[in-house]
Amino acid sequence: MYGRAAVLEQPGHDVVVREFPVPEPEPGAILVRLTQCNICGSDVHAWRGDFQLKELGGELPTVLGHEMTGEAFRLGSGVATDSLGQPLAPGDRVVFPYFTFCGRCPSCTNGFPIGCRHLRMAMLSGADRFPYFVGGFADYFYLPPAHPIIKIPRDLPETVVAGANCALAQICYGFHRAGLVGGKSLVVQGAGGLGLYATALANARGLAPVIVIDAVTSRLELARAFGADIVVNLRETTPTERRRLVSEATGGLGADFVVDVTGNPAAIPEGLGMLRVGGKYLEIGSINRGQTVPLDPSRIVFGNKTVIGVSLYELFALVEAVQFLIRYGSRYPFAEMTATTFPLERVNEALRLADGRGAPRVALRMP
Ligand SMILES: [Zn+2]
Ligand SMILES: [Zn+2]
């Protein structure tokens with residue numbers, strides 16, 4: 001029995017769809033049959049070669065893709081439940097983090113697992129040996145023994161749930177780290193997948209106003225549908241106008257929180273300038289090393305501002321993401337976010353479209 005995986009042999013080149021033997025899971029492991037994998041910004045960066053997987057210990061060839069969902073397909077011996085203790089059987093719909101922590105390094109044992117020294121992550125392992133299915137652009141994904149997994153209700157469509165294990169859980173975790181609570185104001189810089197999830201979560205939590213900034217009109221329209229109170233077009237305003245707009249919308253104070261999910265470091269000084277005194281800046285978008293930006297640090301000092309960088313998440317954030325989708329899955333147009341879908345064999349076309357930022361999330365659907 002064989003399954004397909006889109007293999008990245010060399011960053012900067014197209015991926016190649018190949019067939020690999022479907023692995024039999026070891027004791028405690030789980031083989032997931034994937035049904036949807038969204039293309040996240042970091043997949044595009046890794047494909048182009050400007051996000052260096054090798055710096056994270058990555059091997060080539062590998063399989064890109066990490067924002068995914070599917071069905072439990074084969075359970076290794078000893079697996080009877082998911083991470084929440086719910087019974088788990090082949091055919092159950094599941095989500096899972098795209099990485100695991102070792103559980104025994106100084107970071108893991110010191111209450112900060114996201115700093116794990118021996119992180120295992122999708123897109124980092126070699127695709128040329130067992131278990132082959134090491135990324136989401138594939139028919140299967142292999143969860144090694146002890147990898148967390150959460151069963152989801154069958155009536156939660158994959159178009160809604162596919163973004164849970166990267167973008168939405170990342171936002172849930174970022175909000176946790178920054179202490180976002182209802183009644184506070186938020187500026188979202190960037191209305192791609194992460195920005196739209198941030199907007200919906202903030203809206204559902206009762207943050208107000210939620211102000212979303214982006215350069216693409218269609219994304220801003222979608223942001224409105226995800227609960228933005230005010231949308232601002234980057235192309236139609238100057239930095240001074242945007243800062244004044246945020247000030248006016250927040251009673252002259254500035255925003256309590258700003259989250260940057262643009263991936264463009266130029267957004268950072270502008271966002272910091274939109275914060276009120278004592279405000280918190282949540283940085284999630286900038287993942288490419290070597291990018292710099294001029295910054296006047298006295299604005300952070302005299303403004304008593306906090307900058308919080310967030311990468312990866314702990315499992316409770318994915319549990320929150322799932323609960324959020326169960327409650328609000330039909331309130332916000334999550335399916336519209338990934339309305340542009342491609343079959344796996346057209347993965348390069350899908351990557352090119354995702355690179356062009358024409359759609360908030362391009363998705364691969366597996367039969
Ligand atoms: Zn991602
Ligand atoms: Zn560790």
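**Exercise 1. Determine in which sense strand β11 and β14 pair and over how many bridges, and then follow the pairing of β14 onward.**

*Solution.* Strand β11 (residues 186–189) pairs with β14 in the parallel sense, and four bridges hold the pairing. This reading, like every one that follows, is taken from a predicted model.

Step 1. To fix the register on this side, take V187, which stands opposite V258 in β14.

Step 2. Turn next to strand β15 (residues 275–283), which runs parallel to β14 and is joined to it by five bridges. Here V258 stands opposite Y281 in β15, so that V258 has a partner in the register with β11 as well as in the register with β15.

Step 3. Trace the connection: the chain leaves β14, passes through helix α8 (residues 267–274) and enters β15, and this β-α-β crossover is right-handed.

Step 4. Consider the surroundings of β14 (residues 255–260): six of its six residues are buried, and the strand is therefore largely enclosed by the rest of the structure.

**Exercise 2. Identify the handedness of the β-α-β unit made by β12, helix α6 and β13, and describe how its strands pair.**

*Solution.* Step 1. Strand β12 (residues 210–214) and strand β13 (residues 230–233) run parallel and are joined by four bridges.

Step 2. Within this pairing, I211 stands opposite I230 in β13.

Step 3. With helix α6 (residues 217–225) placed between β12 and β13, the unit is right-handed.

**Exercise 3. Describe the largest nonpolar core, naming the residues with the most contacts inside it and the helix that supplies its largest share.**

*Solution.* Step 1. The largest nonpolar core has 118 residues, and V63 and F137 are those with the most contacts inside it.

Step 2. Helix α4 (residues 164–178) supplies the largest share of this core, with 10 residues, while domain 1 (2–163 + 338–365) and domain 2 (167–309) each contribute at least three residues to it.

Step 3. Examine V63 itself, leaving aside its neighbours within four places in sequence: its contacts include A5, A6, V7 and L8, and also M123, A127, F133 and F137.

Step 4. For context, nonpolar side chains tend to be buried together in soluble globular proteins.

**Exercise 4. Establish which residues of helix α1 are buried, what they pack against, and what part α1 plays where domain 1 touches domain 2.**

*Solution.* Step 1. In helix α1 (residues 41–48), the buried residues are G41, D43, V44, A46 and W47.

Step 2. These buried residues pack against β1 (2–8), β3 (30–39) and α12 (347–355).

Step 3. Just after α1 comes G49, which has a positive phi, near 100°.

Step 4. Between the domains, 12 residues of domain 1 are in contact with 12 residues of domain 2, and α1, with three residues, gives the most to the side of domain 1 that touches domain 2. The C-alpha centres of domain 1 and domain 2 lie 29 Å apart.

**Exercise 5. Decide how the radius of gyration of the chain stands against the value that the globule rule gives.**

*Solution.* Step 1. The chain has 12 helices and 18 strands as its secondary structure.

Step 2. Its radius of gyration is 20 Å, close to the 21 Å from the globule rule for 367 residues, and the chain is therefore as compact as a globular protein of that length.

Step 3. Along the principal axes, the C-alpha atoms fill a box of roughly 65 × 40 × 40 Å.

Step 4. Of the 367 residues in the chain, 49% are buried, and 71% of the contacts with a separation of 6 or more are between residues 24 or more positions apart.

Technical notes:
Residues are numbered from 1 along each chain as its sequence is written. Chains are lettered from A and ligands numbered from 1 in the order in which they are written. This is a predicted model: local features need pLDDT of at least 70, side-chain atom pairs count only at pLDDT 80 or more; totals for chains, interfaces and linings use all residues. A nonpolar core is a set of buried Ala, Val, Leu, Ile, Met, Phe, Trp, Tyr and Cys residues joined through C-beta atoms within 7 Å. A residue is buried if 20 or more other C-beta atoms lie within 10 Å of its own, exposed if 12 or fewer, and partly exposed in between; C-beta atoms are placed from the backbone. Helices (H or I, at least four residues) and strands (E, at least two) are DSSP runs, numbered from the N terminus. Domain bounds come from an automatic or database domain assignment. Two residues are in contact if their C-beta atoms, placed from the backbone, lie within 7 Å. Two strands pair if DSSP finds at least two bridges between them. A crossover is right-handed if, with the strands pointing away from the viewer, the path from the first strand over the helix to the second runs clockwise. The radius of gyration is taken over C-alpha atoms; the globule rule is 2.2 Å times the number of residues to the power 0.38.
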